[in-house]
Amino acid sequence: MRQFLKTILTLTIMATATSTMAQKATTEKTTFHRQTSVQTNIKADTKVIWALLTNAADYPRWNSTVISIEGNIKPGEKIRLKSTLDPKRTFKLKIKEFEAEKRLVWGDGKGKRVYTLTNNGNGTVTFSMNEKIGGLMFPMYAKYIPPFDRSFETFAADLKKEAEKIMETK
């Protein structure tokens with residue numbers, strides 16, 4: 001009986017730990033593009049998650065993958081992003097789509113990142129992040145671009161942690 005309870009407790013702890021993490025990121029590669037995706041379920045309102053995703057100046061506080069974002073995350077605006085993946089480079093991006101509490105897209109001529117929020121109707125939101133980069137010249141510079149998988153997993157986990165922490169205080 002004692003071993004049985006110990007096994008149940010271990011399985012419960014493992015299930016709880018797994019449910020708090022983002023799913024593993026996936027990357028699809030072809031000759032002319034690379035696409036990385038991740039998603040996670042977050043116990044929070046879409047308003048809370050959206051507020052985090054659209055407050056550029058606040059990103060470095062809650063997201064360990066972002067060094068800084070200058071500018072406003074609003075329709076048609078331009079932002080300047082510094083990432084921990086390449087701290088010496090500043091990415092100049094344009095907000096291409098902005099559907100409040102549902103979809104945000106930013107990018108440049110080489111690619112775009114899409115954030116999607118899906119309200120599951122049960123107190124959770126599925127957060128998805130997808131980035132596709134490429135083009136005709138992609139094979140010439142692809143080897144210089146680091147993998148995004150770990151960074152995407154960390155981004156999603158940081159967002160989940162911060163949104164759920166905010167919800168706990170409400």
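These legends accompany four close-up views of a predicted model, moving from a helix to its packing partner and then to single residues.

**View 1. Helix 5, residues 149–168, end to end.** Start with the length of this helix. Its 20 residues, at 1.5 Å a residue, should span 28 Å, and the C-alpha atoms at its two ends are 29 Å apart, so the expected and modelled spans agree. Many side chains here are worth a look: Ser-151, Phe-152, Phe-155, Ala-156, Asp-158, Leu-159, Lys-160, Glu-162, Ala-163 and Glu-164 are buried. Note that this list includes charged residues, such as Asp-158 and Lys-160, as well as nonpolar ones, such as Phe-152 and Leu-159.

**View 2. Helix 2 (residues 46–54) against helix 5.** Two packed helices are described by the angle between their axes and the distance between those axes. Here the axes come within 10 Å and cross at roughly 125°. An angle between 115 and 145 degrees falls in the oblique class, and helix 2 and helix 5 are therefore oblique to each other. Their crossing is right-handed. From helix 2, the residues that meet the partner are Val-48, Ile-49, Leu-52 and Leu-53; from helix 5, they are Phe-155, Leu-159, Glu-162, Ala-163, Ile-166 and Met-167. By type, the contact residues comprise 9 nonpolar, no polar and 1 charged.

**View 3. Ile-49 in helix 2.** Zoom in on one residue from that helix contact. Ile-49 has a relative accessible area of 0%, so it is buried. What does Ile-49 touch, leaving aside its neighbours within four places in sequence? Its contacts are Ile-42, Ala-44, Leu-117, Val-125, Leu-159 and Ala-163. Leu-159 and Ala-163 are also among the helix 5 residues that meet helix 2. For a distance to check on your own screen, try Ile-49 to Lys-102: their C-alpha atoms are separated by 10.0 Å, with the two positions 53 residues apart along the chain.

**View 4. Thr-46 and its contact Glu-101.** Thr-46 also belongs to helix 2. Its relative accessibility is 11%, which is under the 20% limit, so Thr-46 counts as buried. Not counting residues up to four places away in sequence, Thr-46 touches Glu-101, Leu-117, Asn-119 and Val-125. Leu-117 and Val-125 are contacts of Ile-49 as well. Glu-101 sits in the loop between strand 5 (91–99) and strand 6 (103–108). With a relative accessible area of 26%, Glu-101 is partly exposed. Have a look at its backbone too: most residues other than glycine have a negative phi, whereas phi of Glu-101 is positive, near 60°.

Definitions and conventions: Residues numbered from 1 in each chain as written. Predicted model: local features only at pLDDT ≥ 70, side-chain atom pairs only at ≥ 80, totals over all residues. Heavy atoms only, no water. Helix = DSSP H or I, 4+ residues; strand = E, 2+ residues; numbered from the N terminus. Expected span 1.5 Å × (residues − 1). Buried < 20%, exposed > 50% of the residue type's maximum accessible area, 1.4 Å probe, protein only. Axes fitted to C-alpha atoms, helices over the stretch in contact; angles between N-to-C directions. Parallel < 35°, antiparallel > 145°, perpendicular 65-115°, else oblique. Left-handed = near helix turned anticlockwise from the far one by under 90°. Contact = heavy atoms within 4.5 Å.
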